[in-house]
Amino acid sequence: VTTVVTGIGRLVTHTARGELPGAWLVMDRGHVVEVGTGSAPAADRRIDVAGRCVVPGFVDSHTHLVFAGDRAAEFAARMAGAPYAAGGINTTIAATRAASNAELRTLAAARREEARRAGITTIEVKSGYGATVVDEARLVGLAAELTPDATFLGAHVVPAGVDADAYVELVCTDMLAAAAPLARWIDAFCEVGAFDADQCRAVLTAGRDAGLGMRLHANQLGPGPGVQLAVELGCASADHCTYLADDDVEALAAGPTVATFLPATDFSTRQPYPDARRVIDAGATVALATNCNPGSSYTTSMSFVIALAVRDLHMTAEEALRAATLGGGRSLQRDDVGWLGPGSRADLVVIDAPGYEHLVYRPGVPLIHDVIIGGAVDGHDTP
Ligand code: NIG
């Protein structure tokens, strides 16, 4: 069953063809087979988007969707002047351990659906709120029900009352053995109050030896060794990158590690915004992601993230859209998403505006009109 999307006022391809005005796009068996301008070819089914802008589906390369509990009070305290600290993660660990698989599955699926409605067609989901062998294995399993990009984040924080070195040893051995068969990625939180560089190196290399790709939470709450470590180990992505020294920028520009910015986190924790301009101008590949989690960034709105990236990270709208699509794909080492053309996945977002700049120009307005994942419109219509 072929489907043609017609009446596309502006089609952003992120290919050598650039942006096409007055365009159409043909999908078949979950993939794009053809794009063009002018009169559209015949197809089994036709969707007319009436002059709206169509962009590649958003690729959210950093989320923590599997959790229970609520930290609205912690957020309110922060808005009243309290600082964000990594220790808050333990509040969510307690609530998550107490929840059943069925409860967690319902909560995570609702958040995934919220993200889909926000235009997120590809998503990475981390564990990290279990912090025992049994709990991390079930959280990674629940994440893997939502996405092929499930990440084992046993090294999120040292759980209350546990010795740090003994915990790292557990993460690298029994916890990894239980989680690795269900995950694609391993991650760690390199930060004062979480894990130091040696501990993160031990965790990531153990994961690599178990066949997982590596990613790292780096330089979120202050300057530190995380970015350098991520580049040294060849991580797919260094995430946060809020506090960057000159050496960090040079390392990111010299290597393949993607710099992933999570500005909704800096918004929600009242941190300074990263100097994305410096990183982009140095030549590094950048991505944008929501970091949806209950502590530091409880949003699934990539539109909001794009607006922050333009307003406060001084990216152009074009750079921000590219980072939220193609950049996320690079960070997940996925070459089938983040662009639209023959061979790409048929993941697209129809924006209820003549151009994607409206995501920034009209902040907070729900402009995501239709979301097509693998050729299926709004999840109802699988060809
Ligand atoms: O990416 N930095 C570590 N993890 C999350 C925060 C998790 C939490 O506060 O519950 C983050 O910001």
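**The ligand and its cavity in a predicted model**

Q: What makes up the shell around the ligand, by residue class?
A: In this predicted model, the shell divides into ten polar, four nonpolar and one charged residues. Gly is counted among the polar residues under this scheme, whereas Tyr is counted as nonpolar.

Q: Which residues come nearest to the ligand, and what makes a residue count as being around the ligand?
A: Arg-71, Tyr-84, Tyr-129, Gln-220 and Ser-296 come nearest, out of 15 residues around the ligand. They belong to this set because each has a heavy atom within 4 Å of the ligand.

Q: Why is the pairing of Tyr-129 with the ligand called a polar contact?
A: A polar side-chain atom of Tyr-129 lies 2.6 Å from a ligand oxygen atom. The cut-off for a pair of N or O atoms is 3.5 Å, so this pair qualifies.

Q: What makes His-217 and His-64 qualify as polar contacts of the ligand?
A: For His-217, a polar side-chain atom is 3.2 Å from an oxygen atom of the ligand. For His-64, the distance between a side-chain N or O atom and a ligand oxygen is 3.4 Å. Both values fall within 3.5 Å, and therefore both pairs count.

Q: How much of the ligand's area does the protein bury?
A: The ligand taken alone exposes 320 Å², and the protein buries 100% of that.

Q: Where does the ligand sit, and what is the basis for saying so?
A: The ligand sits in the largest cavity. This is said because more than half of its atoms lie within 2 Å of the grid points of that cavity.

Q: What is known of the largest cavity and its lining?
A: Its space is about 90 Å³. Of its 13 lining residues, His-64, Tyr-84, His-156, Asn-293 and Ser-296 lie nearest the centre. The lining comprises eight polar, four nonpolar and one charged residues.

Q: How many cavities are counted, and why does the second largest qualify?
A: Two cavities of 30 Å³ or more are counted. The second largest has a volume of about 40 Å³, and so passes that threshold.

Q: Which residue classes line the second largest cavity?
A: Its lining has four nonpolar, four polar and three charged residues. Asp-336, Arg-345 and Asp-347 line this cavity, and they are classed as charged because Asp and Arg belong to that class.

Technical notes
Residues numbered from 1 in each chain as written. Predicted model: local features only at pLDDT ≥ 70, side-chain atom pairs only at ≥ 80, totals over all residues. Heavy atoms only, no water. 1 Å grid on protein atoms, 1.4 Å probe; cavity = no way out; pocket = protein on both sides within 12 Å on 5 of 7 lines; lining within 4 Å. Points joined across faces, edges and corners; volume = space filled by probe spheres on them. Polar contact = N/O pair within 3.5 Å; in protein donor to acceptor, adjacent residues only side chain to side chain. Areas by Shrake-Rupley, 256 points an atom, 1.4 Å probe, with all protein chains shown as cover.
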